[in-house]
Amino acid sequence: MSLVFAGVCSHAPGITGRAHLADSAVKDEFHAQFHRFGEAMRAAKPDAVIVVAAEHFANFFMNNMPTYAIGMADSYEGPIEDPKWLGIEKTKVPGDAALSQRLIREVMQTVDVAYAEEWKFDHGIMVPLHFLTPKFDTRVIPVNINCQGPPLTPLHRAWAFGEALRRACDKAPERIALVGTGGISHWPATPDSGKVNAEWDAEFMRRWCANDREALLSQADYNDEATYREAGQGGFEIRTFLSVAAAARGKGHILHMKAIPIFAVTCTAATMSIE
Amino acid sequence: MSLYAMQKFLFALNRDTEVQRRYAEGGDTRATLLGAYDFNEEEREAIDKGDIGKLYVLGCNGQLLMHFAPLLGIAWADYLEAMREGVRKYGPVRAGIYAMTTGTDEKVAGV
């Protein structure tokens with residue numbers, strides 16, 4: 001069939017794990033929009049969901065770090081984190097090894113990608129799924145872009161990876177949804193946790209919604225040094241957003257973009273039309 | 001190389017229940033587990049004691065450290081404070097990409 005839905009969202013563990021510590025009205029508004037994001041995705045009736053996440057050393061370490069990796073199993077386990085800490089019970093998530101293999105073969109036509117027949121999900125995938133497929137009953141194709149251990153993939157390569165994913169989806173008979181999770185600015189897991197750069201976030205998302213490739217790949221604005229300085233180490237995860245924009249080719253629509261400090265991130269949910 | 005070893009240990013601990021069991025058991029079992037890694041004495045002691053503040057200052061990646069804290073039963077607010085205390089006690093972060101950019105008396109997230 002092809003790509004039937006595209007969007008991006010936050011995945012910070014506090015969104016579920018520290019929900020009880022947030023201002024309830026602020027939390028409720030974000031969770032409502034996150035659920036709305038999930039409803040929009042499910043309305044597209046996807047057979048499978050590709051989740052392009054920034055993985056946090058749940059599977060890959062610096063002894064052999066793949067820049068891009070795609071899961072190729074019929075099921076996955078998660079979360080690796082303590083369920084009480086994350087607020088999500090351990091569960092088995094359905095995958096689709098055959099579909100993964102077809103996607104990987106096509107992506108490989110232009111982008112070298114690692115594949116993994118074993119993958120443990122961390123909060124980067126489990127938090128989005130909590131809102132997107134709350135029954136964990138939709139097949140998931142996990143994808144990771146290394147955003148943790150430098151050197152990181154250049155932005156134009158993340159864009160090319162998104163284009164490759166789109167070509168792969170276009171060749172599949174299944175209806176496929178694509179969700180990128182990560183960023184935007186944040187300083188997670190540090191004493192700076194809660195800090196964001198609202199202006200940087202707004203400008204990045206303006207460019208994302210316009211699907212302005214040249215502006216999104218600006219070396220002046222989003223080189224690693226500038227991103228680290230302006231948006232923290234969590235800002236490196238914009239690579240997942242870039243891949244989705246490259247795949248969808250459309251315009252973005254923001255459902256939610258507001259900092260919730262106890263969640264340690266600008267809490268974002270946005271869809272993108274598919275062109 | 002030692003920072004690499006610390007982070008590799010935390011990687012194993014965070015995802016492997018058998019490593020978690022051996023660490024939690026303590027005593028000789030924990031000592032044997034830690035002995036398999038190329039730590040220096042300062043690092044081995046920080047891992048052994050679950051000294052979040054020291055590990056943060058030594059440069060452990062925050063995503064690895066953040067998962068270690070719940071295994072130790074440390075709540076979020078206490079985790080953040082442990083890192084601030086680590087900087088107060090041992091000085092600025094020495095390595096890695098998770099250097100602190102706020103003050104040790106700042107509570108950005110309110111906790």
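# A walk through chains A and B

Start by selecting residues 6-84 of chain B: this stretch is 80% helix and 0% strand, and its end C-alpha atoms are 20 Å apart. Helices (H or I, at least four residues) and strands (E, at least two) are DSSP runs, numbered from the N terminus. The UniProt record, an unreviewed entry, places the feature "domain: Extradiol ring-cleavage dioxygenase LigAB LigA subunit" at these residues, 6-84 of chain B. UniProt positions are given in the numbering used here, feature names are shortened, and annotations may be inferred rather than shown by experiment.

Before you click on, some ground rules. You're looking at a predicted model, where local features need pLDDT of at least 70 and side-chain atom pairs count only at pLDDT 80 or more, while totals for chains, interfaces and linings use all residues. Residues are numbered from 1 along each chain as its sequence is written, chains are lettered from A and ligands numbered from 1 in the order in which they are written, and side-chain values use heavy atoms, with hydrogens and water left out.

**Stop 1: two helices in chain B**

Select helix 1 (residues 2-15) and helix 2 (residues 17-25) of chain B. They pack at an angle of about 105°, and their axes are 5 Å apart. That makes the two chain B helices, 1 and 2, roughly perpendicular (65 to 115 degrees; under 35 is roughly parallel, over 145 roughly antiparallel and the rest oblique). Axes here are lines fitted to C-alpha atoms, for helices over the stretch in contact, and angles run from 0 to 180 degrees between N-to-C directions.

Now show side chains. From helix 1 of chain B come B:F9, B:A12, B:L13, B:N14 and B:R15, which meet B:T17, B:V19, B:Q20 and B:Y23 of helix 2. Contact means heavy atoms within 4.5 Å.

**Stop 2: helix 7 of chain A**

Jump to residues 198-210 of chain A, which form helix 7. At 1.5 Å a residue, its 13 residues should span 18 Å, and the end C-alpha atoms are indeed 18 Å apart. The expected span is 1.5 Å times one less than the number of residues. Colour A:W200, A:D201, A:F204, A:M205, A:R207, A:W208 and A:C209: these are the buried residues of helix 7. Buried means under 20% relative accessible area, exposed over 50%, and partly exposed in between (1.4 Å probe, protein chains only). Just past the helix, A:N211 takes a positive phi of about 50°.

**Stop 3: helix 11 and what follows**

Next, select residues 238-248 of chain A. In this helix 11, 11 of the 11 residues are buried, so it is largely enclosed by the rest of the structure. Just after helix 11 comes A:R249, which is found in strand 9 (residues 249-260) of chain A. Phi of A:R249 is near 70°, a positive value in a residue other than glycine. A:R249 is partly exposed, at 44% relative accessible area.

**Stop 4: loops of chain A**

Most residues other than glycine have a negative phi, and most peptide bonds are trans. Find A:F136 in the loop between helix 5 (123-132) and strand 7; its phi is near 50°, and A:F136 is buried at 14%.

Then look for two cis peptide bonds. One runs from A:G78 to A:P79, with omega near -5°, and A:P79 sits in the loop between strand 4 (75-78) and helix 3 (83-86). Another runs from A:P150 to A:P151, with omega near 5°.

Last pick: A:A19, in the loop between helix 1 (14-17) and helix 2 (24-43) of chain A. A:A19 and A:I262 are 243 residues apart in sequence and 8.4 Å apart in space, C-alpha to C-alpha.
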